[in-house]
Amino acid sequence: MSTIPTYGDKRRTRVGLLGGSFNPAHSGHLHIAQEALRFLRLNQVWLMVSPGNPLKSKKNMAPFFQRLESAEKIADGKRIVATDIEYRLRQRFTVKTIAELIRRFPNVEFVWLMGADGLANFTRWKHWRKIVRLIPIAVFPRPENVIPALHSAAASALKKYYRPSREAYILARQKPPAWTFLVSPQMKISSTQIREAGGFCFEGSERKRIPPPRR
Ligand SMILES: Nc1ncnc2c1ncn2[C@@H]1O[C@H](COP(=O)(O)OP(=O)(O)OP(=O)(O)O)[C@@H](O)[C@H]1O
Ligand SMILES: O=C(O)c1ccc[n+]([C@@H]2O[C@H](COP(=O)([O-])O)[C@@H](O)[C@H]2O)c1
């Protein structure tokens, strides 16, 4: 069982937040977590498993704890940590999660990490402009999503806050709004692909097995 990470509570650290459904986790997630550690000079990346993406259907969504387990499998528990913190906070909206994390971890410099598909849809997220004011954002290229992301309404609205990829190493220290689009290798893999190939099977009800959320 993952707990709310406390590493960074007392020390000044830089943490990348990779929010996701992880339905299931895969090498694409691991790849961007590793790239983020390196390019953004982070101390940790938290694979923050969503209790339920507000924009995604519950159909074909595995129970939370199975998705958490799959994120734990790709994590190393040191620099890449799978966390159920959003479940414990009872939060599904990123804006609220980030505000709460900033409040709870005053010494941590957080960066939001997402694939190019996230930027392409970003204006559909609740209070997306507020998210941008709360936290620097690093976007990772993803096959078939680079052009839609760069031509998205969000990219255009946030143009003046764009920082070149070569400055990624200071992004975590920058006062938001600030975002970058990393120049890094792309991985053609998705959870959808894995599910469609029958690679993530789940059955039964999670309700029987899991304790109620703790805060
Ligand atoms: N191959 C990849 N390259 C870049 N970013 C990725 C990749 N896979 C996932 N991500 C990013 O990781 C975060 C979590 O993704 P998610 O858990 O939804 O995986 P997914 O493969 O996109 O899932 P699905 O196919 O079910 O939509 C998102 O910001 C997403 O853009
Ligand atoms: O807050 C929102 O409105 C919102 C809308 C869509 C996605 N998100 C978050 O984006 C992250 C990636 O989601 P997903 O399902 O594409 O992996 C995850 O942390 C979601 O909670 C958040």
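**Notebook: backbone, sheet, core and ligand shells**

I began with Arg41, which counts as partly exposed because 14 C-beta neighbours lie inside 10 Å. I note at the outset that the model is predicted. Arg41 sits in the loop between helix 1 and strand 2 (44-49). I read its phi as near 50°, a positive value in a residue other than glycine.

**Entry: a second positive phi**

I then looked up Arg90, a residue other than glycine whose phi is positive, near 55°. Its place is the loop between helix 3 (85-88) and helix 4. I recorded Arg90 as exposed, because 10 C-beta neighbours fall inside 10 Å.

**Entry: cis peptide bonds**

I checked omega at two proline positions. Asn23 and Pro24 are joined by a cis peptide bond with omega of about 5°. I placed Pro24 in the loop between strand 1 and helix 1 (27-39). The bond from Pro176 to Pro177 is cis as well, with omega near 0°. Pro177 belongs to the loop that runs between helix 8 (153-157) and strand 6 (179-181).

**Entry: strand pairing**

I followed the pairing of the strands, starting from strand 1. Strand 1 pairs with strand 4 in the parallel sense, over six bridges. Within that pairing, I found Gly16 bridged to Val111 of strand 4. Strand 1 also pairs with strand 2, again parallel and over six bridges. Here Gly19 stands opposite Met48 of strand 2.

I asked why strand 1 should be described as largely enclosed by the rest of the structure. The reason I recorded is that six of its eight residues are buried.

I continued to strand 5, which pairs with strand 4 in the parallel sense over four bridges. Gly115 stands opposite Phe140 of strand 5. Strand 5 pairs in turn with strand 6, in the parallel sense over three bridges. In strand 6, Phe181 is the bridge partner of Val139.

I also examined the side-chain directions along strand 5 (residues 137-140). Ile137 and Val139 point one way, Ala138 and Phe140 point the other way, and all are buried.

**Entry: the nonpolar core**

I looked up the largest nonpolar core and found that it has 54 residues. Leu47, Val111, Leu113, Ala138 and Val139 have the most contacts inside it. Strand 4 (residues 108-115) gives the most to this core, with six residues. As general background, I note that nonpolar side chains tend to be buried together in soluble globular proteins.

Which residues does Leu113 touch, not counting those up to four places away in sequence? I listed Gly16, Leu17, Leu18, Ile32, Ala36, Ala138 and Phe140.

**Entry: the shell around ligand 1**

I counted 19 residues around ligand 1, of which Gly20, Gly28, Gly115, Ser191 and Thr192 come nearest. At least two residues of this shell are supplied by each of strand 1, helix 1, strand 4, helix 5 (116-120) and helix 9 (191-196). Helix 1 provides the largest share, three residues. By class, I recorded seven nonpolar, ten polar and two charged residues around ligand 1.

**Entry: the shell around ligand 2**

I found 14 residues surrounding ligand 2, the closest being Gly19, Gly20, Ser21, Asn53 and Trp125. Strand 1 (13-20) and helix 4 (94-104) are the elements that give two or more residues to this shell. How do the residues of the shell around ligand 2 divide into nonpolar, polar and charged? I recorded five nonpolar, seven polar and two charged.

I noted that Gly20 is among the nearest residues to ligand 1 and also among the closest to ligand 2.

**Entry: Glu72**

I located Glu72 in helix 2 (residues 64-74). Is Glu72 buried or exposed? I recorded Glu72 as buried, because it has 20 C-beta neighbours inside 10 Å and the cut-off for a buried residue is 20 or more. I also looked up its separation from Thr13: the two are 59 residues apart in sequence and 22 Å apart in space, C-alpha to C-alpha.

**Entry: the annotated domain**

I consulted the UniProt record last. Its unreviewed entry carries the annotation "domain: Cytidyltransferase-like" over residues 17-196. In the model, I found the end C-alpha atoms of this span 27 Å apart. Residues 17-196 are 37% helix and 16% strand.

Definitions and conventions. Residues numbered from 1 in each chain as written. Chains lettered and ligands numbered in written order. Predicted model: local features only at pLDDT ≥ 70, side-chain atom pairs only at ≥ 80, totals over all residues. Core = buried A, V, L, I, M, F, W, Y, C linked by C-beta atoms within 7 Å. Buried ≥ 20, exposed ≤ 12 C-beta atoms within 10 Å, placed from the backbone. Contact = placed C-beta atoms within 7 Å. Near = placed C-beta within 6 Å. Nonpolar A, V, L, I, M, F, W, Y, C, P; charged D, E, K, R; others polar. UniProt positions renumbered as here; feature names shortened; annotations may be inferred. Pairing = 2+ DSSP bridges.
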